[in-house]
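Me: I'm new to this structure and would like a close look at a single part. Could you walk me through the place where the ligands sit?

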Amino acid sequence: MRNTTIIALKEFKSYLASPMAYIVIGIFLVLTGVFFATSPDTLIETSIKGFLGSGSILLLLFASVLTMRLLAEERKMGTLELLLTAPVRDSELILGKFVGSLGILIVMLVLTFYYPILLRLFGDPDMGPITAGYLGLFLLGGASLAVGIFASSLTSNQIVATVVAGGILFALYFMGMLASFLPEALGKFVNFFSLSYYFPDFMRGIIDTRGVIYYLSITALFLFLAIRSLENSRWS
Amino acid sequence: MIKVENLTKYYGKRLAVDNISFNIDKGEIVGFLGPNAAGKTTTMRILAGFLLPTSGNAWVADYNILSQSLQVRRHIGYLPEAVPLYSDMTIRSYLNFAAQLRGLDKKRIRARIEEVVEICHLEEYVDVLIGKLSRGFRQRVGVAQAIIHEPEVLILDEPTIGIDPIQVAMTRQLIRELGKEHTILLSTHVLSEVSIICQRVIIINEGKIVAEDSIENLSSMIGGSRRIRLEVSNPSAKVVERLCQIEGISRVSQEGSQYILECSTGEDPREKIMESVVQNGWTLLSLESVEMSLEDIFLKLTTKKESDQ
Ligand SMILES: Nc1ncnc2c1ncn2[C@@H]1O[C@H](COP(=O)(O)OP(=O)(O)O)[C@@H](O)[C@H]1O
Ligand SMILES: [Mg+2]
């Protein structure tokens, strides 16, 4: 726990000290702002669907970019040798990296609170879908960060890490589209594993336990794989 | 303090460390000497917990590297060959992070940073970004990181590689100082370094230990035979010839005005040499017995091994 906190804080601080996090957050705010402002849902329904819909896809991209350096750079610069020879469990290291990047995700999401605040000022939005939507984004973002950390643990090349993370995430996201071409039973099954399947419910204001469990399981699975990947590198 | 038993490491199919065993007692400074690719880094990485061995076992500070890896890592200070530094951190924040990872509490960290910065002569640079430091300084930050938690055992992988001569001398001095309080295993491919810093040497080549002993014992074990350096004035071509005739001398070579005489094992022909000098009417400038240098030992060991195969 202590070790996890130490690593998470170090990671969070180094995000704040480098331009990358600011650029990612900036682009995220600009793009989702454009979608929010131009979406008919904003004016007609006074909802943040315009933001949530675009935000969910952008999160996949930005999670891959934010996490790419977390382990790949340590491996490349040799600083992984410091971390792996410190009395810190591999799981604590991975969790620390995860929590650190989760901190940036939270900052990014908090900065978007001005969308619902604007709606509150000029209308009477239904807060249910807004709360559920944010929960959905947070869960989806967390799962994406976990995938990114796993990808970053595989290589010392940050570009490779981003591409692998992006590849896994978009495959998981768009798997649902593939489902409509499959026989119904199989299609339904595939849908269950798609990152995009549960998200619309959250947007509508429904917090489906299966959705929550799904995103948490994806997060746990990829964090576990990242830990295994570190352990494996000791056997290399 | 360190016990290594039949340690073997394969990288895929490549054998990097081949069934090595050795012991290091508390308080010793031991040199781990070998050419590039001998397996020094691999062995040290296993001891430090960065890598796991393919087979074999080891103990550091009485903890097992396989079953008590976290304990081992708690009691070891490790300077990797590529010094693991974050260039966007200052020395202070880096040492603070390293100390936190080692489990030191806040109060102790502040005091220890002051101490190690002084030991490593980094006082004036504590608030400088590591990326702006020269290699010699970076190396010392690496050492500072390794000793911040006052570990019983220090493992230093080529601590003087790639830094300028003044820094090398400073780092060696620093290591000797550290040797008063820590058990140290230090790797190098610089032969003279071992005799300057270490009490004992383990020589490794192609993953195998070729020799292991105190520096004095090693030279007598390998050499067995005595070497004598002779310097005479008015030398002539006949000197070598005459010297060769002396009983107990196996080989004579000339280096300028000096002659190196290799004696047969167990012989001490110094008296006979003196007689010969007098008989031939040479003027004796010096006659001394020379010890084999580590260079000679190493050459002898590695070539002996090659001819065995
Ligand atoms: N990560 C690695 N993957 C594959 N081979 C390696 C790796 N590290 C070292 N080796 C090989 O193992 C051998 C021993 O290397 P090393 O332990 O670094 O030797 P030294 O430190 O004595 O120079 C060398 O042949 C080297 O090429
Ligand atoms: Mg090496």
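Reply: Here is a walk around the ligands, followed by a stop at two alanines.

A word on the ground rules: this is a predicted model, so local features need pLDDT of at least 70, side-chain atom pairs count only at pLDDT 80 or more, and totals for chains, interfaces and linings use all residues. Residues are numbered from 1 along each chain as its sequence is written, chains are lettered from A and ligands numbered from 1 in the order in which they are written, and side-chain values use heavy atoms, with hydrogens and water left out.

Let's start with ligand 1. Around it you'll find Tyr11(B), Arg14(B), Ala16(B), Pro35(B), Asn36(B), Ala37(B), Ala38(B), Gly39(B), Lys40(B), Thr41(B) and Thr42(B), where being around it takes a heavy atom within 4 Å. By class, that shell has five nonpolar, four polar and two charged residues; Ala, Val, Leu, Ile, Met, Phe, Trp, Tyr, Cys and Pro count as nonpolar, Asp, Glu, Lys and Arg as charged, and the others, Gly among them, as polar. Helix 1 of chain B gives the largest share, three residues, and strand 2 (14–24) also supplies at least two. Helices (H or I, at least four residues) and strands (E, at least two) are DSSP runs, numbered from the N terminus.

Now zoom in on some atoms. A polar side-chain atom of Arg14(B) is 3.0 Å from an oxygen atom of ligand 1, while one of Tyr11(B) is 3.4 Å from a nitrogen atom of the ligand. Gly39(B) uses a backbone N or O atom, 2.9 Å from a ligand oxygen. Taken alone, ligand 1 exposes 560 Å², and the protein buries 69% of that (Shrake-Rupley method, 1.4 Å probe).

Thr41(B) turns up again at ligand 2, a magnesium ion: its OG1 and an OE of Glu81(B) coordinate the ion at 2.0 to 2.5 Å (donors are N, O and S atoms within 2.8 Å of the metal, or 3.2 Å for Na, K and Ca; water is not among the atoms, so sites may look incomplete). The two residues are 40 apart, with Thr41(B) in helix 1 (residues 40–48) and Glu81(B) in the loop between strand 6 (76–79) and helix 3 (91–101). Thr41(B) counts as buried because its relative accessibility is 18%, whereas Glu81(B), at 31%, is partly exposed. Buried means under 20%, exposed over 50%, partly exposed in between (1.4 Å probe, protein chains only).

Finally, the alanines. Most residues other than glycine have a negative phi. Yet Ala37(B), from the ligand 1 shell, has a positive phi of about 70°, and so does Ala61(B), at about 50°. Ala37(B) sits in the loop between strand 3 (29–33) and helix 1 and is exposed at 76%. Ala61(B), in the loop between strand 4 (55–60) and strand 5 (63–64), is buried at 7%.

Terms used: A polar contact is a pair of N or O atoms within 3.5 Å; within protein, one must be able to donate a hydrogen and the other to accept it, and residues adjacent in sequence count only if both atoms are side-chain atoms.
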